[in-house]
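Open your viewer and get your selection tool ready. We will hop from stop to stop, picking a few residues each time and looking at what surrounds them.

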Amino acid sequence: MNSSHTYDALVIGAGPAGTATASILAEQGHRVLVLERDRFPRYHIGESLIPFTNVPLRRLGLIEKMQQSEFVRKFSVQFVQPNGKASQPFYFFTRYGAEVAQTWQVVRSEFDQLLVDHARSRGADVREGVEVLGLVREGDRVVGVRARSSETATGEVEFRAPITVDCTGKEAFTAVRNGWRMKDPKLNKVAVWTYYRGALRDDGIDAGATTVAFVPEKGWFWYIPQHQDRVSVGVVAEGKYLTRGGVRDPKAIFEREIRENKWIEAHLAPGQQEGQHFLTAEYSFHSRHCGCEGLLLAGDAFCFLDPVFSSGLMLALKSGVAAGEAIHEALVDRDFSPDRFQPYARLIREGVENMRKLVYAFYEEDFSFKQVIDRDPALAADITDCLSGDVNKDFSRLWTAIGEFVDVPSTLPVGDPWTASRTAATGVAA
């Protein structure tokens, strides 16, 4: 193994959470190394921003760049029944001020490249084509990583830092290796998606709206307009529904489901499908811990939630910013004890749990949020805030009201930092 290199912080993964963490730390003058296995630009799903994504984007100094981009402006969301009947669009500006009233539909290859370039401009050392092979430990403490570049034949290189941040997305590098990763008890859907060019979009301010279009058995399509006349469109449902009749080919599944919603069928009719049909399963998972001494998890590596309300990018950027600020304080204090990251973990888990409760309610048979609003119109504001990403607030009154119609899931007892003293209680070592 080659000699080690020392930094103030190491970040594994250059996605939204990783670049947000690196940008915050680098702007504070810390030496940050980001190791990314892939090369940018790269493909990624997850393309719709909800209003409160603007908060971490503003903290990162990216709002002006977003305004100058080609990304389609998003002012609203609408819901469509299987017969094609669409709801009135919900316009964000009817509740929020200009700072969050308009957001964007992004192409992830371009958006992620923007984030990488921004982290570099702040002073972060972002290296692409570098695969992290494992963590370096001294006892229970993580002190760095072992990595290998795809371009050199020099073998493994060791990088060291007092803190390593796992931002490896759904791969969940350390959660998988530590046995921390757990499925959500109920949110295990299957998604099939693809892209169209030339498909219909609504007029004027509605041209950039996200559409959620329902199919039977609580399944749904997303329909996300992008720039250059492209649309991202996919269907999400239980696997037993999507594979009924023994159909398992993603293209066959997708083309059959188009006929299950008249709005989707009509909007895709003039378009031309492009590229492959993608499929993924087991959408939602959680990490039992946010990290241990010398290690912190952020973004999808910490938790990935069902995408029905497009919360993924907001949660990833929010956690990246929060992780960066918590680590900056740890670097200043020279204190990396696990428990000091508990406030970070509880902030992110609170937001995840609030959104998770809404997602559970959404998938309940014969339930709609309209039932709650009809009984108590004032709760429309709480539902709107949570769906828009304002997730760190007290929604207990809303959960009580929803609980009168359907079961509301209990908060999962996960997320706190791992320490040696917790091994006996959990039976899981770091």
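**Stop 1: the cysteines**

Start by selecting C290 and C292: the sulfur of C290 has its closest cysteine sulfur in C292, 9.1 Å away, which is too far for a bond. This is a predicted model, in which local features need pLDDT of at least 70 and side-chain atom pairs count only at pLDDT 80 or more, while totals for chains, interfaces and linings use all residues. Residues are numbered from 1 along each chain as its sequence is written, and side-chain values use heavy atoms, with hydrogens and water left out.

C290 is buried, with a relative accessible area of 0%; buried means under 20% relative accessible area, exposed over 50%, and partly exposed in between, using a 1.4 Å probe and protein chains only. Now add C167 to the selection. The closest cysteine sulfur to that of C167 belongs to C290, and at 12 Å it is too far for a bond. C167 is buried too, at 7% relative accessibility. How many disulfides does the structure hold? The count is zero, where a disulfide is a pair of cysteine sulfur atoms within 2.5 Å.

**Stop 2: strand 3 and its partners**

Next, select residues 32–36, which make up strand 3. Helices (H or I, at least four residues) and strands (E, at least two) are DSSP runs, numbered from the N terminus. Five of the five residues of strand 3 are buried, so the strand is largely enclosed by the rest of the structure. In a regular strand the side chains alternate between the two faces of the sheet. Show the side chains here: V32, V34 and E36 point one way, and L33 and L35 point the other way.

Which strands pair with strand 3? Strand 2 (residues 9–12) runs parallel to strand 3 and is joined to it by four bridges. Strand 8 (residues 125–128) also pairs with strand 3 in the parallel sense, over four bridges. Two strands count as paired if DSSP finds at least two bridges between them. Click on L33 to see both partners: L10 stands opposite L33, and D125 is the bridge partner of L33 in strand 8.

Now add helix 1 (residues 16–27) to the view. Strand 2, helix 1 and strand 3 make a right-handed β-α-β unit; right-handed means that, with the strands pointing away from the viewer, the path from the first strand over the helix to the second runs clockwise.

**Stop 3: an open sheet**

Select strands 1, 11, 10 and 9, which form an open sheet of four strands in the order 1-11-10-9, with mixed pairing. Strand 1 (5–6) and strand 9 (130–138) stand at the edges with a single partner strand each, so one side of each is left without a neighbour in the sheet. Strand 10 (residues 141–149) pairs with strand 11 (residues 157–160) in the antiparallel sense over four bridges. Zoom in on R146, which has E158 of strand 11 opposite.

**Stop 4: aromatic rings**

The structure holds 23 aromatic pairs. Rings of Phe, Tyr and Trp (its six-membered ring) pair if their centres lie within 6.5 Å; planes under 30 degrees apart count as stacked, over 60 as edge-to-face and the rest as tilted. Select F362 and Y363: their ring centres are 5.0 Å apart and their planes stand at 80°, so the pair is edge-to-face. Both F362 and Y363 are buried.

Move on to F367 and F405, a tilted pair with 6.1 Å centre to centre and 55° between the planes. F367 lies in the loop between helix 11 and helix 12 (369–375), and F405 in the loop between helix 14 (396–402) and helix 15 (423–426), so the pair ties together parts that are 38 residues apart in sequence. Is each ring buried or partly exposed? F367 counts as buried at 6% relative accessibility, whereas F405 is partly exposed at 30%. To see the wider group, select F79, F214, F309, F362, Y363, F367, F369 and F405, which form one aromatic cluster.

Add K218 as well: its charged end sits over the ring of F362, 5.5 Å from the centre. A charge sits over a ring if NZ of Lys or CZ of Arg is within 6 Å of the ring centre and within 35 degrees of the ring normal.

**Stop 5: a buried arginine**

Finish in helix 11 (residues 342–363), where you will find R349. At 6% relative accessibility, R349 counts as buried. Leaving aside neighbours within four places in sequence, R349 is in contact (heavy atoms within 4.5 Å) with H286, F302, C303, L412, V414 and G415.
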